[in-house]
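Hi everyone, thanks for coming. I'd like to walk you through a protein chain today, so have a look at it on the screen and then we'll take it piece by piece.

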Amino acid sequence: MSGLDDSRPFIALNIAVMTVSDTRTPDDDRSGRTLIDRIETAGHRVAGYAIVPDEHDAITGQVRAWAADDGVDVVITTGGTGFTGRDVTPDALEPMFDKHMDGFSQVFHRISYDKIGTSTIQSRATAGLVGTTFVFVLPGSPGACKDGWDGILKWQLDYRHMPCNFVEIMPRLDEHLKRGNASSG
């Protein structure tokens, strides 16, 4: 059964939050604020915060910069996961993934279905690794951010969560990169 092992120490992560929107500002970004509040309440550090327009280059540029920053362990984006012409977040980020995390989308949709029913299919929530940085792509509503954090990320980003969590594998995330470099040289 899953749960917290209190004999293990909590390990604070550095988590960056990116809101993808053409209209939001820091004053009215409820989804970004929802994530930031939950990150801080959990004991993690907010390593960065940005609002970028629904544009491919702006999205990839910010995530690429954070993924290259040793001070960022995780990136969580909110917004741009729907089907309208301006919704390009998954289209921009999925090609950057060195490894895709199919289970994230599946579990997110199961949690979301319990709250909003079949409307969950209107989201293209996704996740993966960019180098050694976890990237989670959530819809742009505060409710979706709550569901993603409370139902998945809060637990998987906590070293104490058993039977397994992302924190315990973080030191080994670059093995595929090292192996690729070793075999080519």
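**Starting from helix 4**

Okay, so let's begin with helix 4, which has 15 residues and reaches 21 Å from its first C-alpha to its last, close to the 21 Å expected at 1.5 Å a residue. Before I go on, keep in mind that what you're looking at is a predicted model.

Which residues of helix 4 are buried? They're Phe104, Ser105, Phe108, His109, Ile111 and Ser112. And what covers them? The cover includes strand 6, strand 7, which is 133-138, and helix 5. Right after helix 4 comes glycine 117, and its phi is positive, near 65°.

Now, the nonpolar cores. The largest one has 28 residues, and the ones touching the most other members are Ile76, Phe134, Phe136 and Leu157. Who contributes? Two or more residues each come from strand 2 (14-20), helix 1, strand 4 (74-78), helix 4, strand 6, strand 7 and helix 5. Helix 5 gives the largest share of this core, five residues.

Let me zoom in on phenylalanine 134 for a second. If you leave aside neighbours within four places in sequence, phenylalanine 134 is in contact with Asp73, Val74, Val75, Met101, Gly128, Leu129, Phe166, Ile169, Met170 and Leu173. Apart from the largest core lies another one, of 19 residues, and among them are Ala50, Trp66, Ala67 and Val75.

Okay, on to charges. How many salt bridges are there? The count comes to nine, and I'll show you three.

The first on my list joins the side chains of arginine 38 and aspartate 150, at 2.8 Å from N to O. This pair links distant parts of the chain: arginine 38 is in helix 1 (residues 30-42) and aspartate 150 is in helix 5 (residues 142-156), 112 residues apart. Buried or exposed? Arginine 38 is partly exposed, with a relative accessible area of 23%, and aspartate 150 is partly exposed too, at 34%.

Next up, arginine 124 and aspartate 91, whose side chains meet at 3.1 Å, N to O. Arginine 124 sits in the loop between helix 4 (102-116) and strand 6 (126-130), while aspartate 91 is in helix 3 (residues 89-93), so this salt bridge ties together parts that are 33 residues apart in sequence. Aspartate 91 counts as partly exposed, at 42% relative accessibility.

My last one is aspartate 147 with lysine 115, a salt bridge of 2.8 Å, N to O. Aspartate 147 lies in helix 5 and lysine 115 in helix 4, so the pair ties together parts that are 32 residues apart in sequence. Here's a bit I like: aspartate 147 counts as buried, at 10% relative accessibility, whereas lysine 115 counts as exposed, at 58%.

Two more stops and then we're done. Back in helix 1 we find threonine 34. Threonine 34 is buried, with a relative accessible area of 10%. Not counting residues up to four places away in sequence, threonine 34 touches Pro142, Cys145 and Lys146.

And finally, a peptide bond to look up on your own screens: the one from methionine 162 to proline 163 is cis, with omega near 20°. Where is proline 163? You'll find proline 163 in the loop between strand 8 (161-162) and helix 6 (175-184).

That's my tour, thanks for listening!

Terms used:
Residues are numbered from 1 along each chain as its sequence is written. This is a predicted model: local features need pLDDT of at least 70, side-chain atom pairs count only at pLDDT 80 or more; totals for chains, interfaces and linings use all residues. Side-chain values use heavy atoms; hydrogens and water are left out. A salt bridge is a side-chain nitrogen of Lys or Arg within 4 Å of a carboxyl oxygen of Asp or Glu. Helices (H or I, at least four residues) and strands (E, at least two) are DSSP runs, numbered from the N terminus. Buried means under 20% relative accessible area, exposed over 50%, partly exposed in between (1.4 Å probe, protein chains only). Contact means heavy atoms within 4.5 Å. The expected span of a helix is 1.5 Å times one less than its number of residues. A nonpolar core is a set of buried Ala, Val, Leu, Ile, Met, Phe, Trp, Tyr and Cys residues joined through side-chain atoms within 4.5 Å.
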